[in-house]
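Hi,

Here is the structure I promised to pass on. Have a look at it first, and then read my notes below.

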Amino acid sequence: MTVNTPLCFRGKNILAPMVRVGTLPMRLLALDYGADIVYCEELIDIKMLQCKRVINEVLETVDFVAPNERVVFRTCERERHSVVFQMVRNYQKY
């Protein structure tokens with residue numbers, strides 16, 4: 001999927017990426033306090049590839065769940081146009 005919408009950072013309040021602080025509750029709290037753009041935690045590509053996309057009707061979220069049942073990434077409609085998803089490549093030596 002290609003997104004052709006340019007992301008402009010000029011004049012925006014941004015919740016900068018922080019280790020272990022980019023979860024959905026923190027991102028929503030930042031939006032409540034006026035952030036225009038929020039970052040999720042940096043996620044490793046192989047973890048995301050192993051996940052199953054699950055619609056959580058109770059929380060009204062979309063969850064990406066690892067085989068061990070751990071939620072790796074959670075998002076919701078409210079942050080749809082505000083979240084920056086960070087994914088990195090895990091380079092392993094073979």
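To start with one residue: is Phe85 buried, partly exposed or exposed? Phe85 has a relative accessible area of 35%, so it counts as partly exposed. (Buried means under 20% relative accessible area and exposed over 50%, with partly exposed in between, using a 1.4 Å probe and protein chains only.)

Before the rest, some housekeeping. This is a predicted model, so local features need pLDDT of at least 70 and side-chain atom pairs count only at pLDDT 80 or more, while totals for chains, interfaces and linings use all residues. Residues are numbered from 1 along each chain as its sequence is written, and side-chain values use heavy atoms, with hydrogens and water left out.

The overall picture

The protein chain has 2 helices and 8 strands, in the order β-α-β-β-α-β-β-β-β-β from the N terminus. (Both are DSSP runs numbered from the N terminus: helices are H or I with at least four residues, strands are E with at least two.) The chain has 94 residues, and 32% of them count as buried. About 7500 Å² is exposed, with carbon and sulfur atoms supplying 54% of that; accessible areas come from the Shrake-Rupley method with a 1.4 Å probe, and for residues only the protein chains shown count as cover. If you take contacts (heavy atoms within 4.5 Å) between residues at least 6 apart in sequence, 49% of them join residues at least 24 apart.

The rings

Back to Phe85 and its company. There are 2 aromatic pairs in the structure. (Rings of Phe, Tyr and Trp, the last by its six-membered ring, pair if their centres lie within 6.5 Å; planes under 30 degrees apart are stacked, over 60 edge-to-face, and the rest tilted.) Phe64 and Phe73 have ring centres 6.1 Å apart and planes at 40°, so that pair is tilted. Phe73 also pairs with Phe85, this time edge-to-face, at 5.0 Å centre to centre and 80° between the planes. That second pair links distant parts of the chain: Phe73 sits in strand 6 (residues 71–75), and Phe85 in the loop between strand 7 (83–84) and strand 8 (87–88), 12 residues apart. Ring pairs thus link Phe64, Phe73 and Phe85 into a cluster. Phe73 is buried, at 9% relative accessible area.

The nonpolar parts

In soluble globular proteins, nonpolar side chains tend to be buried together. Here the largest nonpolar core has 8 residues: Leu15, Leu24, Leu28, Ala30, Leu31, Ala35, Val38 and Cys76. (A core is a set of buried Ala, Val, Leu, Ile, Met, Phe, Trp, Tyr and Cys residues joined through side-chain atoms within 4.5 Å.) Helix 1 (residues 24–32) gives the largest share of this core, 4 residues. Cys76 touches Leu24, Leu28, Glu60 and Thr61, leaving out residues up to four places away in sequence. A second, separate core has 7 residues, among them Met48, Cys51, Ala66 and Val72.

The salt bridges

What do the charged side chains do? The count comes to 5 salt bridges, each being a side-chain nitrogen of Lys or Arg within 4 Å of a carboxyl oxygen of Asp or Glu. In one of them, Arg27 meets Glu79 at 2.7 Å, N to O. This pair links distant parts of the chain, with Arg27 in helix 1 and Glu79 in the loop between strand 6 and strand 7, 52 residues apart. Both Arg27 and Glu79 are buried, Glu79 at 0% relative accessibility. Leaving aside its neighbours within four places in sequence, Glu79 is in contact with Leu24, Arg27, Leu31, Val38 and Arg74.

Arg78 forms another salt bridge, with Asp32, where the closest N and O atoms are 2.0 Å apart. Arg78 is in the loop between strand 6 and strand 7 and Asp32 is in helix 1, so this pair ties together parts 46 residues apart in sequence. Arg78 is partly exposed at 45% relative accessible area, and Asp32 is exposed at 53%.

Then there is Asp63 with Arg74, whose closest N and O atoms are 2.7 Å apart. Asp63 lies in strand 5 (residues 61–65) and Arg74 in strand 6, so the two parts they tie together are 11 residues apart in sequence. Asp63 is buried, at 4%, whereas Arg74 is partly exposed, at 25%.

Cheers
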